[in-house]
Every structure is written in structure tokens, then in C-alpha cells.
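Open the model in your viewer and colour it by chain. The tour moves from one selection to the next.

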Amino acid sequence: MFEPHSLYITGKGTFYSLHPLTKLSGVLAVALLVFLGPGETEKIILIGLLIFLTAVWAGLLLPSIKTTIKLLLPLLIVLVVVQGFFYPQNTTILFSLGKYEYAWEGFLYALFVTARIGVILLASLLFLFSTKLSDFSRALTISGLSSGLVYLIVSPIYMLPDFADRIHRIRESQQSRGLDIEGNFLVRIKALFPLVAPLILGALVETESRALILETRAFNAIGKRSSLVEIYLSRRERVLQILLLTVALILSVIGIIERALFL
Amino acid sequence: MSTVNQSKKFFSTMTLTLMAVAIVINMVLGQIASILKLPIFLDSIGTVLVGILAGPWAGGLTGLITNLLWGLISDPVSAAFAPVAAMIGIAAGLCAKFGLFKTWWKAIISGVIISVALAIIAVPIRLYMFGGLTGSGSDFITAYFLALGRDLFGAVIIQVITSNLVDKVVTALISWGIIKALPNRFVSRFPGADKV
Amino acid sequence: MSTPPIIQLDEVHFTYSGGSHSALSAITLSIQPGEIIGIIGANGAGKSTLCYLLAGLIPSFFNGNFSGTATINDKEIANIDANKLPYLVGLVLQNSRLQLSHMCNTVYEEVAFGLENLGVPREIMLKKIDQALKMTGISHMAERSPYTLSGGEQQRLAIASILAMDSPVLIFDEPTSLLDPVGRREVLSVIMNLSKSGHTIIIAENHLEWIAEYTDRVVALEAGKILVQGDPKEIMSLPEIQSSGIGWTRFTQASALYLEKTKSGSPNRLPITLEQAIHFFQTEQGNHGN
């Protein structure tokens, strides 16, 4: 119950041993290119292909495709139905349902939108599946990110199982006392309030102890921090990170200019 | 004589731990709301609380990180809405600055303002990133208004506001109640103490 | 008393901002290096506030109205900067779970957290961590997740985390009140060992028998003021200790009850520790025998 929440899948290989921030740079580059880079469908197919190959290389093809489909299937279904009927540029009617007509253009647009998100999702899943939380937080600290920001990113993940546990226990005791959580909307809201109010109030007041413990552990110390575990960032990877982000930024600017000219 | 150590930091350790716990509260309450199949999200109570107690920037950052982390550990799609969550915190913080969390009925007004403010960010994200729909339950509102002959833009605005209005008003009211229930000595540690 | 005190408080008054009454008033206290001091008092008497003050958190962390002087090693506590304070004084709280930084994956990393913040070089860090783990008896748990430990184990981890920073003064704010008997015994024995190794210990604790037995001096607080201070084996059976809500040790209570039942004349002083109580009852029996 106390395992920190994480999507990490145990594995080995060159992709796994890449610096966490290299992988994160990759995800950011993909997100930038997908939305801002020049080109439309052909761009998505190209990036998608690259990520597909990366997934094969990382040995994460199956889990990442599975999760992507699981997360995007509802979106795909809704888009295919709604855009098929209501996409403004619909002209090639495939069939009609009463007064509503289903068109090819809307169907394609639905596929395009889903593919665009799917590509980014796939990239971020590769990052999440192959990176340990502790390595990620250490990489952030070493990279010089403010210790306060690192705390905000890391500590909630370690606190979450404890809170989830407390909620779980309260729910169980409520159910065992017959304070059922089923029933209509108002009943459920009413059951919810006494359940969570003490938890939230307690959690808020506890923040004072958490803060003073940070103070006594020199969290506010000024100056350079040291690290128990050294995470090695090779020159090659440093260059790769910069390259990924610069290329993505340049292409995004080109893409933005291109679209501005077309309009 | 006493603030030597903290003046160099953007946030005090108190604000920092408050934000971290608020992020967890967002996640846990969001989960409960979805487990109990409530028609509201409840996933921004922590964000609003921080906005009120520690100001718009702290509130915005709390929202932003909540969604980015949720994207990291559970549902990557929520990361796309991180700017919306940030807007909720900023709006709540600004409302509090203007005294709009002093009484319960003012808190309701804050809830309405937050809903409108977040729509400014949420509508473009829904439209351009997701083609107007996100695969969530409230998509049926969008579809319904499209079927009535509205354009996608109008339908999405209606969807975003209607699905958020009740949630944000309830969230603002609960946040107001929580702040009232907190010990005075605790609240007085935060910059927003005199505004509630 | 030739050595200069390690901690000196003179006429300290403190009121929390937002608080209606003063949390500490007219506190004058002098602590020698290597002493083990017990702080007792009813709920709200100011035990925690006194701990925070000695840990250097007042008035820097807890804002409020502060007057008087408080020094560690002759330095005004309020002026010691954040980089130096952990080297002087460490604080352990009641709730073991809240004392985890929530930034670390293992016990070992948790102990390293403070040292990393202070920028201690890695080789020195490793030595300090090993030493701290050994002194608290948790070396064998080094690779475990801190979140899965028992309360007593987490409490020893909290002690290790401040020990690693080498502070000579260790302050404990009710470190065992949330623990089961086993955890309590483990933590208290670690604290005794630290005292033997030369640390100055200040401990707020409601385990009165332990306080009476093991501390050099006890400070009893009532409503933010020092009610009485001195040798625990002498002062803990005073009537005002009972009436202030602190209460007596089981041995004092039993003897008082015994005297009441037998209606025999009261001795000069009621017993406080087990040893004193045995002695007391032996004399009482002797009296009866005659």
C-alpha cells in the first residue's frame, strides 16, 4: 500500500540508462513539434514512426501501445461520432441518420486529432515507463532546479499513498458501520463531507510540522547542495538535450510563421 | 530581525509544505469524486485553498503541478490541462485579494468568476488540442449543442462553463468553510490571512 | 558549575502572532553541556514552544512577539543562520510520519537529506550516515523504504537524521507519546545512549517515571511559566506538581494513597522513583512492625 505511485516498469538497456532529463527533453520536443511544427498529417506519421522505433528499441512497445489505446479509445470513439456528423468542412457524405449526415472529412479529422495526442502520449509513456522516480528527482536537483520546486514535484508523490490509505480506512469503517456510499447524489455528497473534512483540516494543520522539520534539516541552507548518488550526465547527452530542444524550437517557429502566412 | 533566512526564497517553507499537501488533497479528492461517481470533480479544492492563503502565484503553481504530476503517475492527458488548473489557482488568489472569500455568498461569486476565468484557457485547449472533445462524460453536452445547430466553438464554451460552474461554486464554498474551520494561529502564518 | 552553559535563556517572553495569551513568560534557564533535562507540564503549558525556542525556531520560523535573550554557545539563537543551526541543535517531534522529508526512497537517503542540503561532500556524508545509523541501531534497515517502518523505527530514523549533522544539543518534543511500549522502550534507550556519548539532551516527555529516573534536572511548566525546576528525585512529588495537572509518578501516587489509607503520619517527602518507593515501604513496614 505504501509503494509510491509510479508507472515505472523494470527494465534494462541503453534507452533505460539515458539521463531522465534527456528523455524529458525528447517528450517536450515531440509535444512542440506535434502542435507547432510545420506540416500536418505527414508530420504526425513521421514522428509517430520515430517514436514507434524508439519504443521497440526500449523494449516497451507492448505496454506503451496498450496504455495509449486504453487511454485514447474513449476520445477516439466520441470524436469519430461527433466530428463525423458535425465537422464544419464535411462534404463527402458517407451515410445519413435521420436529418444528420456522416462525412468522410470529419472521420479523418477525428483520426488526425487522436493520432496527434496519441503520439505525445506514446512519447511520455516511454519516459514514464523507463524512469525511476528517485532518479528523476535527483536529476532535477542536480540540474540546479530550485529545491523548493523539486520539493513540490517529489514530495506529493511520496505523500499520496499515505493519504490514499487514510481515505481507504475511513471508507471501510464507514461502510462497516452501514453508512453506505451508494444511494443518490445528495446522499453521497452528505456521506462524503464528514469523511473528508477532518482529513483535510488535519492534513493542513500538519503542514506546520512538515515545514519545521524541513527547517531543521537545513532545507533553507544557502549555497551548493551535494548529492548522495551521482547521476552521470555525459557530454554527448548534454549535447543531445540541447539539440532536441533547439531543433524543436526552430521548427516550431518555422511552423508558426508558415501558418501565419497561409492565413 | 527574524526573516533573514526566508527573505531569499520565493516561498516560505510553510507555504511550500502547504502547497505540497494541497497537491495531494487535489489528487485524493479528485479520486474520491470519481470513485463515488459524483457529477462534480472536486479536484481543485487544494488549489483554491492555496490561492486564498498564499496568493495567486502559489495557487497557480499548485494547480499546474497537480495536473503535471497526475499526468506523470496516472493519466498523461491531464497534463494537457495543467494551464487550466493554474488559472483556477490564480483566479482564486485574485478573488481572495479582493476580499471575495470573506463570506459564503462572496465565495459563491468567486466560484462563478473562477469558472469564467478557467474557460478562457480551457476552451482553446479543448478546441485545438482535442478537437473540442476529450472523451470524458461531459462530451455529451458538447454533442447535444452541436446537434442543436451550434458551432463547435459555442458548444465547447457552453460545455466548459456548465460542467465547471457547479463544481467551482461547490469548491469555493468548501474552501471557504475549511478556512473558517482552521485555527486562527495557523491561518495567520500565511500572507492571505487578513483577507479572509 | 565552572563550565559556561551551552544554552542560556534570560527572561524570555513569547506570544504567537494570532495567539491571545503568552505561550512562554519569564523563562530563565541555564543548561550545561552534557546535561539531560526533562520538561514536564500539562497540555498547553508551553512544552512544545520551549522546545521550538531551544531548537532555534523562535522567532525565525514561528512569528510572534519575542522578548528576552536566548543563546546557544553564547550566540543569539535568532541570529544563527540556517546553514549553521543544524550543526548546533537538532529537534525530534512527536509524530514520526511527519518527520520524514518525503523526498527520499530509502532510510539511507533520508539520513543523507540534511547533509545534502548543507552541501557536505559525499565521502564525509557516507561516514556520518553510517555512524548515525549505528548509534540509533537501524543500520540493518538502511535500504528499506522509510514509509514502511514502524513508528518506533521511524522515530529512530528521525533521530539518526539529525545526528548525522553532528549537533551537540538534541531536543525531543514528546518523542514517544504516539508509540507502542516496544517502540517507546527502543527510542528512550537510544536517547540514553546519546546522553552517555556526551550530547546535551532536552526532552519533553509524559512518561514521568522515566523522567524521574534518568534526567539530571527537570523543568516543570505551568501556563508558560516555570513552576519549579530542580533534581527530579526531589521535586517531582511536590503538591504543586500534582495540582498543576502534571501529576505524580505511579510510585508517589501509590505512597500517597497508602498514607491516606493507613492514616499514618506523612514523611518529609513522598517517594518518586521505584527505588525510593521500595525504601519508603520498607520503612513503613518497619514502623508497623514495631
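**Stop 1: chains B and A.** Select the contact between these two chains: 46 residues come from chain B and 50 residues from chain A. Keep in mind that this is a predicted model. Now show only the side of chain B that touches chain A. Helices H1 (13-35), H3 (56-73), H5 (104-130), H6 (139-147) and H7 (152-181) of chain B each give two or more residues to it. Which of them gives the most? Highlight H1(B): its contribution is 15 residues. Then colour that side by residue class. You should get 35 nonpolar, seven polar and four charged residues.

**Stop 2: chains A and C.** Switch to the contact that takes 28 residues from chain A and 34 residues from chain C. On the chain A side, pick out helix H6 (133-142), helix H7 (147-176) and helix H8 (185-216), each of which supplies at least two residues. H8(A) has the largest share, seven residues. Colour by class again. The chain A side here splits into 12 nonpolar, nine polar and seven charged residues.

**Stop 3: the nonpolar core.** Next, look at the largest nonpolar core, which has 219 residues. Val30(A), Met19(B), Val24(B) and Ile171(C) are the members that touch the most other members. Helix H5 of chain A, residues 104-130, gives the most to this core, with 15 residues. Centre on Met19(B). What does Met19(B) touch, not counting residues up to four places away in sequence? Within chain B, select Val50(B), Ala58(B), Leu61(B) and Thr62(B); from chain A, add Leu152(A).

**Stop 4: the sheet of chain C.** Hide chains A and B. Chain C has an open sheet of six strands with mixed pairing, ordered E6-E7-E8-E3-E9-E10. Why is one side of E6 and of E10 left without a neighbour in the sheet? Strand E6 (89-92) and strand E10 (225-230) of chain C stand at the edges, and each has a single partner strand, so one side of each stays unpaired there. From one strand to the next, the twist averages 15°.

Zoom in on strand E3 (residues 36-41) and strand E8 (residues 200-204) of chain C. They pair in the parallel sense, over four bridges. For one bridge, select Ile37(C) with its partner Ile202(C) in E8(C).

**Stop 5: helices on the sheet.** Add helix H6 of chain C, residues 181-196. H6 packs on the sheet and touches E3, E7 and E8 of chain C. Its direction makes about 150° with that of E8(C). Finish with helix H5 of chain C, residues 151-163, which lies across E6 and strand E7 (169-173). This helix runs at about 165° to E6(C).

Technical notes
Residues numbered from 1 in each chain as written. Chains lettered and ligands numbered in written order. Predicted model: local features only at pLDDT ≥ 70, side-chain atom pairs only at ≥ 80, totals over all residues. Contact = placed C-beta atoms within 7 Å. Nonpolar A, V, L, I, M, F, W, Y, C, P; charged D, E, K, R; others polar. Core = buried A, V, L, I, M, F, W, Y, C linked by C-beta atoms within 7 Å. Buried ≥ 20, exposed ≤ 12 C-beta atoms within 10 Å, placed from the backbone. Pairing = 2+ DSSP bridges. Axes fitted to C-alpha atoms, helices over the stretch in contact; angles between N-to-C directions.
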